[in-house]
Amino acid sequence: MSKKLTTLEEIPASANFDELKALAKRRRELLAGIHKLVEAEKVAIDHAKSRRAEKAKPLQKELKNLDIRLTLLLRGRKRYFWARFGKTINLPDATIRYRTDAKSLDTPRDTSVIINFLRHMRGGNRYLTWTPSLNRDAISNSSVSLQHKLKPLGAWVGRHAIITIKMTDDDQPTTLDRRRFPDRH
């Protein structure tokens with residue numbers, strides 16, 4: 001029965017098969033120790049995540065309700081706020097913006113169906129750029145009949161009204177409301 005080797009330094013350098021076996025065995029022991037530590041870390045992380053998620057649930061629920069109420073106030077009293085502050089409201093803890101984007105094209109994530117439709121439509125290539133990808137500006141400014149044909153495929157053309165809030169310590173604003181409405185021709 002061989003003695004259990006505990007460190008690399010205890011393996012004699014014999015330059016033979018016994019050294020090879022001992023090195024391979026020690027390597028397996030080291031990897032098993034590392035794997036055991038990684039598994040313990042994963043268990044600790046999963047436990048911490050579940051504790052955080054449980055503690056955050058009521059806060060997230062209240063935040064969602066607060067954002068709904070804030071959105072209703074901002075939409076319902078839009079004219080009042082615009083008359084008093086304009087489209088940007090600067091508060092000590094936040095900046096709220098009313099923004100309407102220019103006419104643009106909304107599509108599903110996978111645009112292949114729209115691309116195939118346009119490729120086989122007479123004159124449809126002018127709405128494509130070639131990799132092929134959608135020429136969003138051309139479609140946004142196309143005829144209403146083409147836009148209606150693309151609508152069942154998930155495409156939508158119109159303007160977006162967006163309300164955002166950016167807290168002083170946030171990097172990015174949070175979108176409270178995003179509505180889209182068709183552009184009047």
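## Exercises on a predicted model

On the surface of this predicted model, L31, I34 and V38 make up a nonpolar patch whose accessible area comes to about 250 Å² together.

**Exercise 1.** Find the element that holds V38, and decide whether V38 is buried, partly exposed or exposed.

*Solution.* Begin with the position in the chain: V38 is part of helix α1, which covers residues 17–76. Next, take the relative accessible area of V38, which is 33%. A residue is buried under 20% and exposed over 50%, with partly exposed in between. V38 therefore counts as partly exposed, because its relative accessible area is 33%.

**Exercise 2.** Describe the salt bridges that R26 forms with E29 and E39 forms with K42, and state how far apart the partners stand in helix α1.

*Solution.* As background, side chains of opposite charge can pair when their charged atoms come close. Take first the side chains of R26 and E29, which meet in a salt bridge with an N to O distance of 3.1 Å. These two residues are three residues apart in helix α1, so about one helical turn separates R26 from E29. Then turn to E39 and K42, whose side chains meet in a salt bridge at 3.8 Å, again taken from N to O. E39 and K42 are likewise three residues apart in helix α1, and so they are separated by about one helical turn. As a last step, consider the accessibility of these residues: R26 counts as buried at 17%, while E39 is partly exposed at 34% and K42 is partly exposed at 43%.

**Exercise 3.** How many salt bridges does a search of the whole structure find, and which residue meets R99 in one of them?

*Solution.* The search of the whole structure gives seven salt bridges. One of the salt bridges joins the side chains of R99 and D101, with 2.9 Å from N to O. Both partners can then be classified: D101 counts as partly exposed at 26% relative accessibility, and R99 counts as partly exposed at 40%. Elsewhere, D106, R178 and R180 are joined into one network by salt bridges that share partners.

**Exercise 4.** Locate T111, decide whether T111 is buried or exposed, and name its contacts beyond four places in sequence.

*Solution.* T111 is placed in the loop that runs between β2 (94–106) and α3 (112–120). Its relative accessible area is 17%, and T111 is therefore buried. Once the neighbours within four places in sequence are left aside, T111 is in contact with L134 and R136.

How values were computed:
Residues numbered from 1 in each chain as written. Predicted model: local features only at pLDDT ≥ 70, side-chain atom pairs only at ≥ 80, totals over all residues. Heavy atoms only, no water. Patch = residues over 30% accessible without salt bridge, like charges linked within 9 Å, V, L, I, M, F, W, Y side chains within 5 Å. Areas by Shrake-Rupley, 256 points an atom, 1.4 Å probe, with all protein chains shown as cover. Salt bridge = Lys/Arg side-chain N within 4 Å of Asp/Glu carboxyl O. Buried < 20%, exposed > 50% of the residue type's maximum accessible area, 1.4 Å probe, protein only. Contact = heavy atoms within 4.5 Å.
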